[in-house]
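I opened the notebook to look up sheets, cores and aromatic rings. Entries follow in the order I checked them.

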Amino acid sequence: MARLGAAVNVITTDGPGGRCGFTASAVCSVTDDPPTLLVCVNRGNDSHDPLIANGVVCVNTLTHGQQNLSPVFAGLGEADSHAARFGHADWDTLATGAPVLLDAAVSFDCRIAQRVEVGTHTVFFCTVEAIRVGAVHEGLIYYGRHYHRVAPP
């Protein structure tokens, strides 16, 4: 799987289940009509149950300059609590109330429409309700167990 490069995202949620977030690369577009993404989450992840309880999610795609947030939201280092993780960046909200990362490459604010359990993970199908496109036109991918900058020539 290390050879399957993917964008680096911080997935966030807020609501009755609590405010939390985690780093994910298992995210992709499903359809344009209705606009839908899928997010794969390990059922052992401490954000899994809050995602279900809240029913909302924001997929925040990181820029290369936001690389430092990836290990923070992966729970590595000092920021063990979700409150501490959110202290590393500035946040806003759009339609659903899920935290939206300011200056992300793009943020997709979604409602969870469906979920399917596969192996150790739950695949969440998320209908996009709002989008915020950032001003930075470079991305961050994870490939071969390393981060890489993606930018236009």
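Contact here means heavy atoms within 4.5 Å. I also note that this is a predicted model.

**Entry 1: C110 and the cores**

I started with C110. Which residues does C110 contact, leaving aside its neighbours within four places in sequence? I listed L37, V56, V57, T96, C126, T127, V128 and E129.

Next I looked up the largest nonpolar core. The largest core has 16 residues. I noted that I11, F22, V39, V59, F108 and C110 touch the most other members. Then I asked which elements give two or more residues to this core. They are β3, β5, β6, β9 (106–118) and β10. As background, nonpolar side chains tend to be buried together in soluble globular proteins.

I also found a second, separate core of 12 residues. Among its members are L62, A89, L101 and A104.

**Entry 2: V128**

V128 was on the contact list of C110, so I cite the cut-off before going on: buried means under 20% relative accessible area. I placed V128 in strand β10. Is V128 buried or exposed? V128 counts as buried because its relative accessibility is 13%, and the cut-off is 20%.

I then listed its contacts, not counting residues up to four places away in sequence. V128 touches P35, T36, L37, F108, D109 and C110. I also checked V128 against C58, which is 70 residues apart from it along the chain. Their C-alpha atoms are separated by 8.9 Å.

**Entry 3: the sheet of 7 strands**

I traced the strand order next. An open sheet of 7 strands runs β3-β2-β6-β9-β10-β5-β4. Its pairing is antiparallel. Why do β3 (20–24) and β4 (27–32) each have one side without a neighbour in the sheet? Both stand at the edges with a single partner strand, so one side of each is left free of a neighbour in the sheet. I noted the turn between neighbouring strands too: 30° on average, direction ignored.

I picked one pairing to follow in detail. Strand β5 (residues 35–42) and strand β10 (residues 121–133) pair in the antiparallel sense. I read 7 bridges between them. T36 has T127 as its bridge partner in β10. T36 is also one of the contacts of V128.

**Entry 4: T61**

I looked up T61 in strand β6 (residues 56–61). T61 is buried, with a relative accessible area of 13%. Which residues does T61 contact, leaving aside its neighbours within four places in sequence? They are A7, V8, N9, Q66, A104, A105, V106 and F108. I recognised two names from the core entry. F108 belongs to the largest nonpolar core, and A104 belongs to the second one. A7 led me on to the other sheet.

**Entry 5: the sheet of 3 strands**

I found 3 strands in an open sheet, in the order β1-β11-β12. The pairing is antiparallel here as well. β1 (6–7) and β12 (146–150) stand at the edges with a single partner strand each, so each has one side without a neighbour in the sheet.

How many bridges pair β1 with strand β11 (residues 139–143)? I read 2 bridges, in the antiparallel sense. A6 stands opposite Y142 in β11. The partner of A7 is I141.

On to the other pairing. 5 bridges join β11 to β12. One of the partnerships is Y143 with H146 in β12. The hairpin of β11 and β12 has 2 residues between the strands. In this hairpin G144 takes a positive phi near 60°.

**Entry 6: aromatic rings**

I searched the whole structure and got 4 aromatic pairs. F73 and F86 form an edge-to-face pair. I noted 5.3 Å centre to centre and 85° between the planes. F73 lies in helix α2 (residues 69–73) and F86 in helix α3 (residues 82–86), so the pair ties together parts 13 residues apart in sequence.

F86 and W91 also form an edge-to-face pair. Here I noted 4.9 Å centre to centre and 65° between the planes. F73 and F86 are buried, and W91 is buried too. F73, F86 and W91 form one aromatic cluster.

Last check: what sits over the ring of F86? I found the charged end of R19, 4.3 Å from the ring centre.

Key. Residues numbered from 1 in each chain as written. Predicted model: local features only at pLDDT ≥ 70, side-chain atom pairs only at ≥ 80, totals over all residues. Heavy atoms only, no water. Helix = DSSP H or I, 4+ residues; strand = E, 2+ residues; numbered from the N terminus. Buried < 20%, exposed > 50% of the residue type's maximum accessible area, 1.4 Å probe, protein only. Pairing = 2+ DSSP bridges. Axes fitted to C-alpha atoms, helices over the stretch in contact; angles between N-to-C directions. Core = buried A, V, L, I, M, F, W, Y, C linked by side-chain atoms within 4.5 Å. Phe/Tyr/Trp six-rings, centres within 6.5 Å; stacked < 30°, edge-to-face > 60°. Lys NZ or Arg CZ within 6 Å of the ring centre and 35° of its normal.
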